[in-house]
Amino acid sequence: MARLAEADTDAGATTPRRRRDSTTVLLVVTLFTITGIGFMRTPLLPGMGADLELSASSIGFITAVFALGRVLTNVPAGRLADSRPVAQLVGLAAAVMAIGALGVALTASYPVLLVCVALMGVSSALMSTTAMTTLTRRAAPGRRGAAMALYSTSLMTGQMIGPALAGLAAGALSWRATHSISAALALLLGVTVALVAWKVAGPLVARPGAPGARRTSDVDATRPDMTKVELAVVSGVAFAVFFGMGALPFTLLPLFAEDELGLSVELIGLGVGLGGLTRIVGANVCGFIADRVSRKAALVPSMALLGVSALVVALPLTVPLWFVVTAVFSLASSGVAIAGTVIGDRSRPGALGRRMGVYRATGDLGLFVGPLVGTVVYEHVGRSAAAVVVGVFLLVATAVATAALRESRPAAESVAA
């Protein structure tokens with residue numbers, strides 16, 4: 001973490017190292033916490049559906065509206081990340097998450113539940129886009145893979161521990177009590193952010209672009225700025241991967257575990273948590289490959305593994321196979337953050353947040369569509385058909401990425417127009 005904070009200091013920057021490090025620490029800790037709360041609902045979905053008497057499609061829509069909240073937030077969040085202080089955005093994300101989680105805990109109305117889950121998605125997107133933009137901005141080109149590994153590790157640790165703890169809490173208490181506890185935790189986080197910002201100040205409360213507020217890593221001056229076609233290709237990768245994540249590990253795999261295998265909420269949470277652990281491993285491996293070999297060498301194989309592991313779900317499902325597929329699919333999904341390094345490689349400083357917002361909005365659109373498509377196919381055709389639809393789509397996306405991405409060293413990574 002300290003090495004990342006030291007990378008690529010602008011000439012004339014005088015921000016003390018302790019304050020620069022505090023920005024990274026704040027982002028990592030808050031991203032972990034907000035993500036853990038936002039994604040904790042995965043093992044709770046069967047219980048929520050049973051209490052509210054929901055169909056599989058209605059349960060899938062809970063995941064979809066979370067993604068919809070993210071889709072609607074990512075682009076404005078990217079613009080805010082280019083203009084507003086980090087502490088303001090992080091504190092706002094914590095407050096919105098507290099409101100959403102408390103609303104889920106208290107409501108008995110399905111429409112109100114959807115609104116509250118969408119608010120949790122808004123918070124998640126604001127936090128993720130702020131963290132991704134800021135960490136990319138602070139990293140030198142040769143360290144952007146490591147920056148995205150740090151981002152992904154924090155994000156995925158939250159996705160691992162959040163569902164695991166939520167499963168245990170729901171087993172001992174209830175899914176409503178679990179959301180109430182999470183709302184209190186988010187509120188405490190917001191207060192902590194305000195106190196840290198007041199104490200440390202510096203880059204946490206300065207606007208991006210102000211003296212000492214950030215250390216921007218400029219793109220290679222010999223390369224043109226990223227085109228719309230290039231941004232569309234990279235964003236399409238995010239759409240495909242999040243489509244698969246939303247359809248399988250975030251929605252269908254927990255339903256398969258309960259409906260076909262009879263797993264408890266604790267075991268489902270453990271499986272989802274195991275998937276988060278494998279994503280942490282994959283993120284650091286992909287970050288290393290992206291910095292040492294090329295962006296494409298890290299991204300394309302991970303996408304291919306996603307497609308193959310989705311097709312395995314079409315086979316007769318057993319408990320060991322369910323755990324293995326959940327872990328392998330999550331491992332493979334970790335490569336998607338590397339697509340963000342391509343945007344960092346090819347974006348001028350003033351456009352970085354906006355393009356990260358577009359990239360993340362497109363990915364979250366996949367997170368919205370994936371659960372809807374997956375649950376509808378599952379309800380009307382069956383598990384194998386749903387797995388084949390997801391797997392084939394991911395393999396087609398892999399083929400497109402293979403053709404569109406140029407093989408190159410990190411300093412010269414680009415996308416063929």
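**Exercise 1. Place Thr178 in the fold and decide whether this residue is buried or exposed.**

Thr178 sits in helix 8, which covers residues 175–200. Helices here are DSSP runs of H or I with at least four residues, strands are runs of E with at least two, and both are numbered from the N terminus. This is a predicted model, in which local features need pLDDT of at least 70, side-chain atom pairs count only at pLDDT 80 or more, and totals for chains, interfaces and linings use all residues. Residues are numbered from 1 along each chain as its sequence is written, and side-chain values use heavy atoms, with hydrogens and water left out.

Next, look at accessibility. Buried means under 20% relative accessible area, exposed over 50%, and partly exposed in between, using a 1.4 Å probe and protein chains only. Thr178 has 5% relative accessibility, so Thr178 counts as buried.

Finally, list the partners. Setting aside neighbours within four places in sequence, Thr178 is in contact (heavy atoms within 4.5 Å) with Met40, Leu44, Ala166, Ala169 and Ala170.

**Exercise 2. Describe the protein as a whole: how many helices and strands are there, and what percentage of residues is buried?**

Start with the elements: the protein has 15 helices and 0 strands. Then take burial: 60% of the 417 residues count as buried. For the surface, the accessible area is about 14,700 Å², and carbon and sulfur atoms account for 71% of that. These areas come from the Shrake-Rupley method with a 1.4 Å probe; for residues, only the protein chains shown count as cover. Last come the contacts: among those between residues at least 6 apart in sequence, 85% join residues at least 24 apart.

**Exercise 3. Work out how helix 5 and helix 6 are arranged.**

Two packed helices are described by the angle between their axes and the distance between the axes. Axes are lines fitted to C-alpha atoms, for helices over the stretch in contact, and angles run from 0 to 180 degrees between N-to-C directions.

Step one: the axes of helix 5 and helix 6 come within 8 Å and cross at roughly 160°. Step two: apply the classes, where under 35 degrees is roughly parallel, over 145 roughly antiparallel, 65 to 115 roughly perpendicular and the rest oblique. Helix 5 and helix 6 are therefore roughly antiparallel. Step three: the crossing is left-handed, a term for a near helix turned anticlockwise from the far one by less than a right angle, with clockwise giving right-handed. Step four: the residues of this contact divide into 19 nonpolar, 6 polar and no charged. In that count, Ala, Val, Leu, Ile, Met, Phe, Trp, Tyr, Cys and Pro are nonpolar, Asp, Glu, Lys and Arg are charged, and the others, Gly among them, are polar.

**Exercise 4. Now find Ala108 and Gly121: where does each lie, and is each buried or exposed?**

Ala108 lies in the loop between helix 5 (86–106) and helix 6 (110–138). With a relative accessible area of 66%, Ala108 is exposed. Beyond neighbours within four places in sequence, Ala108 is in contact with Leu52 and Arg176. Ala108 and Leu52 are 56 residues apart along the chain, and their C-alpha atoms are separated by 7.6 Å.

Gly121 is in helix 6. Its relative accessible area is 0%, so Gly121 is buried. Not counting residues up to four places away in sequence, Gly121 touches Phe66, Gly69 and Arg70.

**Exercise 5. Compare two further helix pairs by angle, distance and handedness, starting with helix 4 and helix 6.**

Helix 4 and helix 6 pack at about 40°, with axes 6 Å apart. They are therefore oblique to each other. Their crossing is right-handed, and the contact residues divide into 15 nonpolar, 11 polar and 2 charged.

Helix 7 (residues 144–172) and helix 13 (residues 337–346) pack at an angle of about 135°, with axes 9 Å apart. That angle makes helix 7 oblique to helix 13. This crossing is right-handed. Arg144, Gly145, Met148 and Ser152 of helix 7 make the contact with Ala337, Thr341, Gly344 and Asp345 of helix 13. These residues divide into 2 nonpolar, 4 polar and 2 charged.

**Exercise 6. Say where Asp364 lies and which residues are in contact with Asp364.**

Asp364 belongs to helix 14 (residues 352–380). At 0% relative accessibility, Asp364 counts as buried. Apart from neighbours within four places in sequence, the contacts of Asp364 are Ala67, Arg70, Val71, Asn74 and Phe242.
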